[in-house]
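Here are my notes on this one, in the order I'd go through it on screen. Have the model open while you read.

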Amino acid sequence: MQLRQLEYLVALARERHFVRAAAACHVSQPSLSAAIRRLEHELNVPIVRRGRRYEGLTPEGEVVLAWAHRILAEGDALRQELSALGDGLTGTLRLGVVPTALPAASLLTTPFCDRHPRARVSIESLSSADITHGLAEFELDAAMTYLDDDSLRGVRRLPLYEERYMLLTPVAGPLGSAPTASWSAAAALPLCLLNSRMRNRRIIDECFAADGATAAPAIESDSVAGLYAHLPGGRWSSVISHAWLHMFGVPDGMRVVPLDGPAHGPRVGLVTGPDDPPSVLAGALLTEARRAGVREALDVLLRTYLDSTATGSPERSDANRT
């Protein structure tokens, strides 16, 4: 058995098509098919269900695929550990991030790259379900996600911060000078929110409901960037997580207003996969995450915006961003 054969099998399971898998591995389709047939012969089990086209893996093939992910991940970990003993850590850290945590990801990745200049980071914006799958299949080294996700099992968890929800509203609007706002009052504003497929939206809908209100946003987006794109201009308001201020700040002509209710939302944290100990790259990121003080950095940023509002000093959309 050769690692190349396992790489071909992983690519085939991912692409679900022989030609696409071969292209992803930079080999011809006959070469890939022959390598997988040799693997079946060597293990003496059928791996691929074949018909006129790729039809999936056999039960035995699913077992082989799980081991292939594990063996390839161990090979990567070996290379990373050896590189760390030489000229420093190399390789690519594969980091999955739920979309609502992306604005805060640089608080981890920037110090990681500063400390390990020969390493690289590949960030993917993924749903919670995709993150769970990626960690289980060794396709991700680590992830930033909600820690109360019941599907996360057998993973290491490092809490980073708790989401804090704020009303971002025009200064000239109905709540533009209010010291705080109720969720029901916020629901009456012209709103731009994330769509209902996003975990963040489902959480804030629960907050609206707890105050006897239902939000009916005129504009919905599947990304924080798409939401923020509509806020300048003084027409729309939104409910944001304070972590988004790190990347997007407060648009000109708008201010942050604390919302009455729970002081903190769900926890966001860094998780690493089932390998024990974690890969060298994942372990290095965990080390930087412990040093970073993400919760404190975001709280200081939020206080800066709230204090600037209280004193009447101008808020700028590029303040405190890195």
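**Notes on the strands, the salt bridges and one loop proline**

1. Let's start with a strand pair. S7, covering residues 165-170, pairs with S10 in the antiparallel sense, and four bridges hold the pairing. If you want a residue to click on, take Leu-168: its bridge partner in S10 is Ser-238. Do keep in mind that this is a predicted model.

2. Now zoom out to the sheet around that pair. It is an open sheet of three strands, ordered S10-S7-S11, with antiparallel pairing. Which strands stand at the edges? They are S10 (238-241) and S11 (254-258); each has a single partner strand, so one side of each is left without a neighbour in the sheet. From one strand to the next, the twist averages 40°.

3. Next, a parallel pairing. Strand S3 (residues 91-97) and strand S4 (residues 119-125) run parallel and are joined by seven bridges. Here Gly-96 is the residue to look for, as it stands opposite Glu-124 in S4. To get from S3 to S4 the chain passes through helix H5 (residues 106-115), giving a β-α-β crossover that is right-handed.

4. S3 has a further parallel partner. Three bridges join S3 to strand S5, which takes in residues 142-146. Leu-95 in this pairing stands opposite Ala-142 of S5.

5. On to the charged side chains. As a reminder, side chains of opposite charge can pair when their charged atoms come close. The salt-bridge count for this model comes to 10, and I'd pick out a few of them.

6. What is the N to O distance between Glu-288 and Arg-291? It is 2.9 Å, and the two side chains form a salt bridge. Both sit in helix H11, and because they are three residues apart there, about one helical turn separates them. Their surroundings are worth checking: Glu-288 has 3% relative accessibility, so it counts as buried, while Arg-291 has 49% and therefore counts as partly exposed.

7. Helix H8 (residues 199-210) has a salt bridge too, in which the side chains of Asp-205 and Arg-201 meet at 3.0 Å, N to O. These residues are four apart in the helix, so the separation is again about one helical turn. Is Arg-201 buried or exposed? Arg-201 is buried, with a relative accessible area of 5%. For Asp-205 the relative accessible area is 25%, which makes it partly exposed.

8. Then there is the pair Glu-15 and Arg-14, whose side chains meet in a salt bridge at 3.4 Å, N to O. Don't stop at the pair, though: Arg-14, Glu-15 and Arg-20 are linked in a network of salt bridges. Glu-15 counts as partly exposed because its relative accessibility is 25%. Arg-14 is partly exposed as well, at 48% relative accessibility.

9. One loop residue I'd look at is Pro-274. Where does Pro-274 lie? It is in the loop between strand S12 (267-272) and helix H11 (280-292). With 42% relative accessibility, Pro-274 counts as partly exposed.

10. Pro-274 also reaches across the sequence. Once neighbours within four places are left aside, Pro-274 is in contact with Leu-135, Phe-138 and Gly-154. Have a look at Arg-153 as well: its C-alpha atom is 8.3 Å from that of Pro-274, although the two residues are 121 apart along the chain.

11. Last, the whole chain. The secondary structure comes to 12 helices and 12 strands, and the C-alpha trace spans about 75 × 50 × 30 Å along its principal axes. There are 322 residues, and 48% of them count as buried. Among contacts with a separation of 6 or more, 72% come from residues 24 or more positions apart. As for the surface, the protein exposes about 15600 Å², with carbon and sulfur atoms supplying 52% of it.

Methods
Residues numbered from 1 in each chain as written. Predicted model: local features only at pLDDT ≥ 70, side-chain atom pairs only at ≥ 80, totals over all residues. Heavy atoms only, no water. Helix = DSSP H or I, 4+ residues; strand = E, 2+ residues; numbered from the N terminus. Buried < 20%, exposed > 50% of the residue type's maximum accessible area, 1.4 Å probe, protein only. Contact = heavy atoms within 4.5 Å. Pairing = 2+ DSSP bridges. Axes fitted to C-alpha atoms, helices over the stretch in contact; angles between N-to-C directions. Right-handed = clockwise from strand over helix to strand, strands pointing away. Salt bridge = Lys/Arg side-chain N within 4 Å of Asp/Glu carboxyl O. Areas by Shrake-Rupley, 256 points an atom, 1.4 Å probe, with all protein chains shown as cover.
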